[in-house]
Amino acid sequence: MNYTNFSLSDFFFLLRNLSILPERILVVTLITVIVTDLSNKGKNTDLLHRISATSMSISVVVSLCQWGIHSASVASENYRISNFSYIFRFFLLTCSLLSVLLSIDYIRCSKTVLAEFSFFVLAAGSGGMVLCRANDLVTLYVALEFSSLSSCFLSGHTKKDIRSNEATTKFLLMGGASSSFLSYGFSPLYGISGGQLQLDKTADRLPLSQYLVVICTSIAFTTAGTAFKLSLVPFHQWTPDVYEGVSPTPVVAFFSVTSKVAAPALFTRLFGLVFPHLSNGWHIVVGLLATSSMILGNLIAVTQISMKRMLAYPSISQIGYIMIGVLAADPENGYASMITYTFIYILMNLGTFARITSFGLRTGTDNIKDYAGLYMKDPVLTFSPVLRSPSLGGIPPLSGFFGKLYLFWHGWKAGSYPSVLVALVTSVISIYYYLKIIKLMFTGKNGRSDASTTYIQNSLVSPSISISKSSIEIAMIIRALASILPGILIDPIIGITRNTLF
């Protein structure tokens with residue numbers, strides 16, 4: 001009994017003092033994946049998948065245990081441990097884990113390289129986790145670049161695909177430009193604050209009366225750099241091109257959720273800690289960018305014919321919704337509305353890409369017209385979007401409705417009346433193109449007489465490999481139910497996310 005108590009006390013001491021233990025686990029796993037792949041010469045992909053999934057699961061458990069142990073906010077020179085950082089670190093781990101689980105069938109059937117996929121997912125996830133806790137400008141910038149470059153390389157890991165290479169080149173060039181904007185925004189802060197790097201100390205040392213023009217210039221460059229990471233209009237051009245050009249659908253799924261977690265965490269920590277005294281100014285600018293994103297994202301999505309490109313534009317509008325929660329933070333609720341909606345969006349969007357991955361494996365296409373009459377070919381594959389797409393649009397009683405209701409009500413109470421009104425109108429527009437796809441699945445007719453034959457012949461799956469239909473059906477059902485349960489449990493989720501203000 002004494003030995004058991006000693007072991008448990010040592011375990012909790014380890015969790016309490018190794019605050020970056022989940023990150024270390026991912027780094028060790030990253031090295032293990034590369035060594036294992038080199039020793040097996042890329043043959044045993046199932047082993048690599050098990051290693052990646054197991055390590056991420058362990059990291060999720062460790063992160064939750066640390067979250068339960070640390071109840072107060074603790075700041076050090078390089079890291080700031082708070083309820084906010086624990087929540088977003090958990091979100092990033094969940095996104096990475098679900099993306100790896102989503103990819104196994106695609107990797108196995110399309111015969112792409114799993115080692116590189118796992119390597120860059122682990123690298124991007126660990127960089128994003130450090131980003132959520134960084135407390136100085138250098139650590140923040142290095143973590144951001146580490147995550148961004150890993151995501152960029154991940155988009156181009158199918159080296160023989162011309163469209164993927166083109167998307168990666170655009171991503172790399174525009175990402176480099178945004179990083180230069182961000183560095184130009186950080187440089188004046190370092191100079192006029194007397195060489196301070198820590199975020200809170202930088203804010204205290206800013207001479208607002210003497211260098212107001214310099215500070216406003218820094219805010220402008222920082223806003224431009226973070227707006228690219230957020231895909232806010234007019235810094236959104238890379239998003240639809242990368243979504244459509246990147247051929248592996250699990251990679252697009254990973255982008256679609258991690259960018260909605262890491263980028264808002266970056267923006268919230270940076271502006272909430274460094275520029276709290278000038279919030280009235282940057283609130284107006286960010287509100288205009290968010291409103292433009294909601295309008296343009298939903299209007300252009302209506303005209304798309306590619307499923308992945310169509311989902312890229314709603315992702316631009318979704319980040320506009322999320323920014324309403326960032327601007328509506330208050331001492332009583334913190335960032336609860338933004339965090340709650342982000343959690344619901346992760347589940348809804350990953351489930352949507354699970355359906356697209358399965359459909360793409362069987363047909364080799366992502367054209368919306370090819371979804372016509374899908375109910376007659378695969379009822380289970382049709383069941384999933386029936387619940388998930390209306391949830392993304394915000395139709396009651398699904399979880400997306402409750403997430404948007406709390407988000408918009410919180411924004412309305414904070415005085416963001418124009419943004420909330422635009423969000424309500426554009427949400428109605430989004431319902432149209434989501435329901436249009438569902439209608440096409442049930443009532444649409446494929447104009448080609450050999451539609452069922454093409455459904456098999458264009459498949460990305462090798463003839464010698466069969467898709468485990470039972471596993472896909474189980475995954476579809478679980479992710480569809482995930483679109484309902486968070487709406488039922490929204491009160492406990494809001495209670496957990498309230499104490500998140502810096």
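**Rings, burial and a surface patch**

Tutor: In this predicted model, the charged end of R133 sits over the ring of Y86, with 5.1 Å to the ring centre.

Student: What makes the charged end of R133 count as sitting over the ring of Y86?

Tutor: The distance part of the rule asks for CZ of Arg within 6 Å of the ring centre. The value here is 5.1 Å, and the call also requires a position within 35 degrees of the ring normal.

Student: Let's turn to rings meeting rings. How many aromatic pairs are there?

Tutor: The count comes to 22 aromatic pairs. One of them joins F84 and Y335.

Student: Why is the pair of F84 and Y335 called edge-to-face?

Tutor: Two checks are needed. Ring centres must lie within 6.5 Å, and theirs are 5.8 Å apart. Planes over 60 degrees apart count as edge-to-face, and the angle here is 65°, so the label follows from the cut-off.

Student: What makes this a pair that links distant parts of the chain?

Tutor: F84 belongs to helix α4 (residues 83-110), while Y335 is in the loop between α13 and α14, and 251 residues separate the two.

Student: Are F84 and Y335 buried or exposed?

Tutor: Buried means under 20% relative accessible area. F84 has 1% and Y335 has 6%, so each falls under that cut-off and counts as buried.

Student: And how do you know that F171 and F255 are edge-to-face?

Tutor: Their planes meet at 80°, with 5.8 Å between the ring centres, so the pair earns that label. F171 is in helix α7 and F255 in helix α11, so the pair ties together parts 84 residues apart in sequence. Relative accessibility is 10% for F171 and 5% for F255, and each of these rings counts as buried.

Student: Which residues do ring pairs link into a cluster?

Tutor: F84, F88, F90, F91, Y335 and F343 are joined that way.

Student: Why is helix α10 called largely enclosed?

Tutor: Of its 8 residues, 6 are buried, so the rest of the structure largely encloses helix α10. The buried residues are W238, T239, P240, V242, Y243 and G245. Their cover includes α7, α9, α11, α13 and α14.

Student: How do you know that I215 counts as buried?

Tutor: Its relative accessibility is 0%, and the buried class takes anything under 20%. I215 is in helix α9. Setting aside neighbours within four places in sequence, I215 touches I192, L206, P207, L208, F275 and L278. The C-alpha atoms of I215 and I192 are 8.7 Å apart, with their places 23 residues apart along the chain.

Student: What makes S96 count as buried?

Tutor: S96, in helix α4, has a relative accessibility of 3%, set against the 20% limit. Beyond neighbours within four places in sequence, its contacts are M56, V121, G125 and F254.

Student: Now the surface. Which residues form the nonpolar patch?

Tutor: W409, W412, Y417, L421 and L424 form the patch, which has about 520 Å² of accessible area together. α17 and α18 each supply at least two of its residues, and α18 gives the most, with 3.

Student: Why is W412 called partly exposed?

Tutor: W412, in helix α17, has a relative accessible area of 33%. Buried ends at 20% and exposed begins over 50%, so a value in between is partly exposed. Patch membership requires over 30%, and the 33% of W412 passes that too.

Definitions and conventions. Residues numbered from 1 in each chain as written. Predicted model: local features only at pLDDT ≥ 70, side-chain atom pairs only at ≥ 80, totals over all residues. Heavy atoms only, no water. Patch = residues over 30% accessible without salt bridge, like charges linked within 9 Å, V, L, I, M, F, W, Y side chains within 5 Å. Areas by Shrake-Rupley, 256 points an atom, 1.4 Å probe, with all protein chains shown as cover. Salt bridge = Lys/Arg side-chain N within 4 Å of Asp/Glu carboxyl O. Helix = DSSP H or I, 4+ residues; strand = E, 2+ residues; numbered from the N terminus. Buried < 20%, exposed > 50% of the residue type's maximum accessible area, 1.4 Å probe, protein only. Phe/Tyr/Trp six-rings, centres within 6.5 Å; stacked < 30°, edge-to-face > 60°. Contact = heavy atoms within 4.5 Å.
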